[in-house]
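Trainee: Hi! I'm new to this one, could you walk me through it?
Mentor: Happy to, let's put it on the screen and go piece by piece.

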Amino acid sequence: MSQNNQYFDMDSYQSGMNGNGRRSGDGGAFWGGLAVGIMGTLLILCVIVLILWVTGNGNLSIGKSNVVNEEETATSVKGSGFVSDDMVKKINKLVKTIREKYFLEEVSDEELESGIYKGLMASLGDPYSEYYTSQEYMDLMQGSEGVYYGIGAYVSMDEVTNLPKISGVFKDSPAERAGLRTNDLLYMIGGEQTYGLSLSEAVSRIKGEENTKVDITVVRDGEQVELTAIRGKVETPTVETEMLDNGMGYLRITEFDDVTTNQYLSGIKELRDAGMKGLILDLRSNPGGNLSTVVAIAQNILPKGIIVYTEDKEGNRKDYNCKGDKELDVPLVVLVDMNSASASEILAGAIQDYGKGTLVGTTTFGKGIVQSVIPSKDGSAIKITVSGYFTPKGRNIHKVGIEPDVVCEFDGSLYYDVENPIDTQLEKAKEILAEKMR
């Protein structure tokens, strides 16, 4: 499962969450709480880096979040001088103008307040740093459990078009039944255009109650395609296995979630029991996940040494190591593509650096940064980038990606051939693994 978040790696979401804020007519509550709300958010932001330095708990996913104690940190922030009387006056003036002049539709106090916090995080210019309302954060946490109501697809942001994009589709899911495909650009959801929406906002329009429908217009190969998906309960297996011909085992990891390590170990055991003599590890369309999970899985593949290391803005380094006592003992080929991101790049990069396996496919996404989700007492939370990660050989792959050892493009026309579907990348992986097994 994924998605970013938490569940993913914070760069991708499972489709979607219901993030619609409730509307309120109590205007008086807003004025008293607005300045306090702003201060509270700024307090969180100012102490985030310090807390992460002290605890060392920066994560690729929600997993274990750091809780900020606002009361304990208030004293250190009072002297910062950032929040001035002029700022409060200006915000009050802007809100007054909105109340008196804004024409299009009513905006609730909660929506205005949330917009201030979201705007503060958006000012970072980092698509991976974001503010969550209490409802959005609750949905985010529920998604990390692996069960949610949606369509069963990974959604990420396309950096070229700035539109949400399907980066993976679950097998036998509502998304698959509706005809959604990997790399479909989500142009409209429920009749509303998606341009300008954040990733979580787009995802919130996809999720909904079970057995309800959502109309989705996608852009595919330059043409608009209109589809309808029926939302359902999605339980997310993150590992798929299959025995191929000639003793070849196939194992796909769709996301590095809390449950993935045990699913991986069970999958490997099944393949070994079936006579596996070589392994194809498929990380295509894997948006990432928990750092702790990918490290645990890497410890069952790599030789002794560093799996990955992180560095924060002050250059503080943390190594994640492998003992080497559970190293994979069969030939390995790894499939990657443009949607293999973050945690999946950590694993692929380490395998490549150690020469443990052959990477096949196309250049990966290139997300070499780490986020942590930090909740507040009011139920809201922020996600913020706290460090960068590096492969064992010190490669910084952010915005660059990992080049495969063998480049092989995915041919969609062959893959979606109804009569004779062919996965060109998987076929190349089989060819290479057969050579390694001789």
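Trainee: What phi does Gly355 take, just after α10?
Mentor: In this predicted model, Gly355 has a positive phi of about 65 degrees, and the residue comes just after helix α10.

Trainee: And α10 itself, how many of its residues are buried?
Mentor: Helix α10 covers residues 343–353, and 11 of its 11 residues are buried. Among them are Ala343, Ile346, Leu347, Ile351 and Asp353.

Trainee: Which elements do those buried residues pack against?
Mentor: There are both strands and a helix on the list. The buried residues of α10 pack against strands β13 (278–282), β14 (305–311), β16 (332–336), β17 (358–361) and β19 (381–390), and also against helix α9 (291–298).

Trainee: You mentioned Asp353. Which residue does the side chain of Asp353 meet in a salt bridge?
Mentor: The partner is Arg395, with 2.7 Å from N to O. This pair links distant parts of the chain, since Asp353 is in helix α10 while Arg395 is in the loop between β19 and β20 (406–407), 42 residues apart.

Trainee: Are those two buried or partly exposed?
Mentor: One of each. Asp353 counts as buried because its relative accessibility is 11%, and Arg395 counts as partly exposed because its value is 27%.

Trainee: How many salt bridges are there in the whole structure?
Mentor: The search finds 16 salt bridges. One of them joins Lys96 and Glu100, whose closest N and O atoms are 2.6 Å apart.

Trainee: Where do Lys96 and Glu100 lie?
Mentor: Both are in helix α3, four residues apart, which is about one turn of the helix. Some background helps here: an α-helix has 3.6 residues a turn, so residues three or four places apart point the same way.

Trainee: Is Glu100 buried or exposed?
Mentor: Glu100 counts as exposed because its relative accessibility is 52%. Lys96 counts as partly exposed, at 46%.

Trainee: Got another salt bridge inside a helix?
Mentor: Yes, have a look at helix α12 (residues 424–437), where Glu427 and Lys430 lie three residues apart, again about one turn of the helix. Their closest N and O atoms are 3.3 Å apart in the salt bridge. Glu427 is partly exposed at 39% relative accessibility, and Lys430 is partly exposed too, at 24%. Elsewhere, salt bridges that share partners join Asp282, Arg284 and Asp423 into one network.

Trainee: Back to α3 for a second. Which residues make the nonpolar surface patch?
Mentor: Ile98, Tyr102, Phe103 and Leu104 make the patch, which has an area of about 490 Å². Ile98 belongs to helix α3 (residues 85–101).

Trainee: Why does Ile98 count as partly exposed?
Mentor: Because its relative accessibility is 32%, and partly exposed is the class in between buried, under 20%, and exposed, over 50%.

Trainee: New topic: where is Arg220 found, and is it buried or exposed?
Mentor: Arg220 is in strand β8 (residues 213–220). Arg220 is buried, with a relative accessible area of 16%.

Trainee: What lies 2.9 Å from a polar atom of the Arg220 side chain?
Mentor: That would be the backbone oxygen of Gly179. Not counting residues up to four places away in sequence, Arg220 touches Gly179, Leu180, Arg181, Asp184, Val225 and Leu227.

Trainee: Can you show me a side chain from a loop as well?
Mentor: Try Ser173, in the loop between β5 (164–169) and α6 (174–178). Ser173 is buried, with a relative accessible area of 4%. A polar atom of the Ser173 side chain lies 2.7 Å from the backbone oxygen of Phe170.

Trainee: Which residues is Ser173 in contact with, leaving aside its neighbours within four places in sequence?
Mentor: Ile151 and Gly152.

Trainee: Last one: how many disulfides does the count come to?
Mentor: Zero disulfides. As a reminder, a disulfide is a covalent bond between the sulfur atoms of two cysteines. If you want to look at cysteines anyway, Cys322 counts as buried at 4% relative accessibility, and Cys408 counts as buried at 11%.

Note on methods
Residues are numbered from 1 along each chain as its sequence is written. This is a predicted model: local features need pLDDT of at least 70, side-chain atom pairs count only at pLDDT 80 or more; totals for chains, interfaces and linings use all residues. Side-chain values use heavy atoms; hydrogens and water are left out. Patches are made of residues with over 30% relative accessible area and no salt bridge: like charges are joined within 9 Å, nonpolar side chains (Val, Leu, Ile, Met, Phe, Trp, Tyr) within 5 Å. Accessible areas come from the Shrake-Rupley method with a 1.4 Å probe; for residues, only the protein chains shown count as cover. A salt bridge is a side-chain nitrogen of Lys or Arg within 4 Å of a carboxyl oxygen of Asp or Glu. Helices (H or I, at least four residues) and strands (E, at least two) are DSSP runs, numbered from the N terminus. Buried means under 20% relative accessible area, exposed over 50%, partly exposed in between (1.4 Å probe, protein chains only). A polar contact is a pair of N or O atoms within 3.5 Å; within protein, one must be able to donate a hydrogen and the other to accept it, and residues adjacent in sequence count only if both atoms are side-chain atoms. Contact means heavy atoms within 4.5 Å. A disulfide is a pair of cysteine sulfur atoms within 2.5 Å.
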